[in-house]
Amino acid sequence: MVELLKRHRAEQDAERATAAQLWRDAGYVFATPTGEPINPSTDYHQWKRLLARAGLRDGRLHDARHTAATALLILGVPERAVMGLMGWSTTAMAARYQHITSTVRDDVAERVGGLIWGPSESD
């Protein structure tokens, strides 16, 4: 995480140098290329354009975090790795964002069944 922040700081320093006298240093970690605060609607509009260009159904940006967290759960990514990727500091966030799907339930049932009764006939 520290390396990521250092890299972000270096990128922002480059933006500061490029902007020169246009830079407005207000101490924001995430800012526009001129140091101003990011308009909250910017992410919203960029997300909507991205969905449209990709030919995907409309959806909220926040819902994408739930989808990403659930996909990581389905892939079996360890919780600690998910926490690092998602920027969570507590495991409670995993419970909030990761949703148990039928795929996950079926996998768990099959694994428990294999542990108790041995491999299934399809194995």
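**Entry 1: the loop between H1 and H2**

I started with alanine 20, which sits in the loop between H1 and H2. I note for the record that this is a predicted model. Most residues other than glycine have a negative phi. Alanine 20 is not a glycine, yet its phi is positive, at about 50°. I looked up its accessibility too: alanine 20 is partly exposed, with a relative accessible area of 42%.

I stayed in that loop for tyrosine 28, which is also found between H1 and H2. Is tyrosine 28 buried or exposed? Neither label fits, because its relative accessibility is 40% and that counts as partly exposed. I then listed its contacts, leaving aside neighbours within four places in sequence. Tyrosine 28 touches Gln12, Gly35, Glu36 and Pro37. I also took a distance to isoleucine 38, ten residues along the chain from tyrosine 28. Their C-alpha atoms are separated by 9.0 Å.

**Entry 2: salt bridges**

I asked how many salt bridges the model holds. The count comes to seven. I went through three of the pairs.

Aspartate 13 with arginine 16: their side chains meet in a salt bridge, 2.5 Å from N to O. Both residues belong to helix H1, residues 2–19. They are three residues apart, so about one helical turn separates them. Aspartate 13 is partly exposed at a relative accessible area of 34%. Arginine 16 also counts as partly exposed, at 23%.

Aspartate 58 with lysine 48: the side chains form a salt bridge at 2.7 Å, N to O. This pair links distant parts of the chain, with the partners ten residues apart. Aspartate 58 is in the loop between helix H2 (40–54) and H3, while lysine 48 is in helix H2 itself. I checked both ends for exposure. Aspartate 58 counts as exposed at 53% relative accessibility. Lysine 48 counts as partly exposed at 22%.

Aspartate 63 with arginine 60: here the closest N and O atoms are 2.6 Å apart. Aspartate 63 is partly exposed, with 30% relative accessibility. Arginine 60 is exposed, with 54%.

Which residues are joined into one network by salt bridges that share partners? I found Arg9, Asp13, Arg16 and Asp25. Aspartate 13 and arginine 16 from my opening pair are therefore both in it.

**Entry 3: helix H2 and the loop after it**

I moved to glycine 59, in the loop between H2 and H3. Which residues does glycine 59 touch, not counting those up to four places away in sequence? The answer is Trp47, Lys48 and Leu51. Lysine 48 is the salt-bridge partner of aspartate 58. I took one distance here. Glycine 59 and tryptophan 47 are twelve residues apart in sequence, and their C-alpha atoms are 8.9 Å apart in space.

Next I looked at arginine 53, which lies in helix H2. Arginine 53 is exposed, with a relative accessible area of 66%. I set it against arginine 111, 58 residues away along the chain. The C-alpha atoms of these two arginines are separated by 40 Å.

**Entry 4: helix H3 and its contact with H4**

I finished with H3, which covers residues 61–74. Two packed helices are described by the angle between their axes and the distance between the axes. I looked up both for H3 and helix H4, residues 79–86. The axes come within 10 Å and cross at roughly 155°. An angle over 145 degrees counts as roughly antiparallel, so H3 is roughly antiparallel to H4. The crossing of H3 past H4 is right-handed.

Which residues make the contact? On the H3 side I listed Arg65, Ala68, Ala69 and Leu72. On the H4 side I listed Val82, Leu85 and Met86. I sorted these residues by type: six are nonpolar, none is polar and one is charged.

My last residue was threonine 70, found in H3. Is threonine 70 buried or exposed? It is buried, because its relative accessible area is 9% and the cut-off for buried is under 20%. I then asked what threonine 70 contacts, leaving aside neighbours within four places in sequence. I noted Tyr97, Gln98, His99 and Thr101.

How values were computed:
Residues numbered from 1 in each chain as written. Predicted model: local features only at pLDDT ≥ 70, side-chain atom pairs only at ≥ 80, totals over all residues. Heavy atoms only, no water. Helix = DSSP H or I, 4+ residues; strand = E, 2+ residues; numbered from the N terminus. Buried < 20%, exposed > 50% of the residue type's maximum accessible area, 1.4 Å probe, protein only. Contact = heavy atoms within 4.5 Å. Axes fitted to C-alpha atoms, helices over the stretch in contact; angles between N-to-C directions. Parallel < 35°, antiparallel > 145°, perpendicular 65-115°, else oblique. Left-handed = near helix turned anticlockwise from the far one by under 90°. Nonpolar A, V, L, I, M, F, W, Y, C, P; charged D, E, K, R; others polar. Salt bridge = Lys/Arg side-chain N within 4 Å of Asp/Glu carboxyl O.
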